[in-house]
Amino acid sequence: MIEIRKGWLMGALQLDEDFVDSQAPNANATSNGRGLVVKGKFVVLHQSDDETLLFGECSGSGKSNYVCSCDFIRPNQPTYRCTCPSRQFPCKHCLGLMYAFVGGKKFTVADVPEDLAAKREKLQERKEKQKEQSDKPRKVNKAALSKKLQAQLNGLDLLETFTFDLVRSGMGNTNAKTARDMQQRAKQLGDAYLPGAQAALHQYTNLFVGADGKYDGELSSQQRETIYTEALDQLTRLSAIIKHGRRYLQARVDDPELPPETDSPIAAWLGHAWQLRDLRAAGLVIENAELIQLAFHSHDDHSRQEYIDTGIWMNLANGAIQLTQNFRPYKAAKYIRSEDSFFKIAVVKELCVYPGTVNPRVRWDEFETREITAKDFQSVAKFASADFESAMKSVRSGLKNPLSEKRPVVALRYKSLGQLPDGELAIEDAKGTRIVMTEAGLSEEPPSCHLMPMLPETLASGQTMVGRIHQDLDSKTLRLKPLSIITDTQVFRLTL
């Protein structure tokens, strides 16, 4: 029986199988890394005396062995090096090295090789230089910025023309073919540095293109009316992007030193790529945050030509529900590590928060982990709203802003969960206020309502449900797409 190591490196990182799995860029890399260990491909296995470095040699298809190393001198930002030609980081050899370590293979203690010691020094020097650069005020290339801003303003003119064409032709005349034609024209918005506006236009046109690529002839009149109502809401958003975008861009043309706007999401809608240093400079930072993941899903976004991994988290200090998003463009997807469900507490020294009031996106450079405790589950329950009427009032207020998140995620403490006489599922609070469940939410999220009848009876009362709010624009009601249920001991995920 193989002994599984559960050793700690530098007192901050627990190198175990879960950690190694989390570092793999994709499932194939995980499988290939494990395969190297099973096949006995590692001919040299070493570790440094202080256990901050694993290094060794792995036989491959060439004459020379591949020399690989996993450097944990920075526990929260490991460095992986290998002489193989792979562009994946970590490559299968580095993954295999770590799998060999956690799997109990014998690693002999050896001095750090001179070349690795030199690379460590250069890494430290580079880190110090980066810190110096980040402390310096960023110089604005006014000529380049002016050129980009003018291109974006021209792009908004183009978006206005597209929107006018859609309104003039009428929703009733829009079908799958005309929608796809508009999507082809919308590529010009990407060339005008307006990816957010391009995505908003796609959200409109996608209403008229089904999963099978068809639209006309298969839908009932009621289904059409639902689509038309949603389309009208999307047109309102496009109009808001044009109006607020022009005001915002013109202000930056008049004053190139003006920083991106942080009290609204308009900069993101216009495609501003926030860097961590920008968020820090704007004061959008929370120190020493602890986050628990409540739900997770990955999807293929055809319109953006990329895969998107979305994590839904609660900040245990204030109960805010925040999102992490990892974007993997098709062309580079196999070189970018995909995110996955996270089952520990992320302890983040410096949490950067994007502009936005509802479920803002968050990012961080470094983090540590700890096990989830009963106190953490109690915190989730404490921050969850037990008054549905008050919670939905707050949601409705946010939905009035056409640029806000249309399907916000909320945490609700329910008294009971069950089926109504008409067959619909609902949760109810202590005052008797009910929220009916729905599968309608984000199209990429897996269905979850069908799982409700199979839940253990212990989940039928006195628990916390995390879900995505869907507004039925025809009936003016709010419904809930269930994502997870949090008890006193676990996060019961309904979508994976």
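User: In this predicted model, what share of the contacts between residues at least 6 apart in sequence joins residues at least 24 apart?

Analyst: A contact here is a pair of heavy atoms within 4.5 Å. Taking the contacts between residues at least 6 apart in sequence, the share that joins residues at least 24 apart is 63%.

User: And how does the radius of gyration sit against that of a compact globule?

Analyst: For 496 residues, a compact globule would come out near 23 Å. The protein's own value agrees with that, at 26 Å.

User: Is Gln152 buried or exposed?

Analyst: Gln152 is part of helix α5, which covers residues 142-169. The cut-off for buried is under 20% relative accessible area. Gln152 has 5% relative accessibility, so it counts as buried.

User: Which residues does Gln152 touch, leaving out those up to four places away in sequence?

Analyst: Helix α5 holds Gln152. With those sequence neighbours set aside, its contacts are Ala192, Tyr193, Leu194, Leu249 and Leu270.

User: Which helix gives the largest share of the largest nonpolar core?

Analyst: That core has 40 residues, and Leu270 is one of those with the most contacts inside it, along with Leu159, Leu201, Tyr204, Phe208 and Ile241. Helices α5, α6, α8, α9, α10 and α11 each put in at least two residues. The largest share is 10 residues, and it comes from α9.

User: How many residues are in the second, separate core?

Analyst: Leu36, Phe72, Cys94 and Leu95 are among its members. Its residue count is 27.

Terms used:
Residues numbered from 1 in each chain as written. Predicted model: local features only at pLDDT ≥ 70, side-chain atom pairs only at ≥ 80, totals over all residues. Heavy atoms only, no water. Helix = DSSP H or I, 4+ residues; strand = E, 2+ residues; numbered from the N terminus. Buried < 20%, exposed > 50% of the residue type's maximum accessible area, 1.4 Å probe, protein only. Core = buried A, V, L, I, M, F, W, Y, C linked by side-chain atoms within 4.5 Å. Rg over C-alpha atoms; globule rule 2.2 N^0.38 Å.
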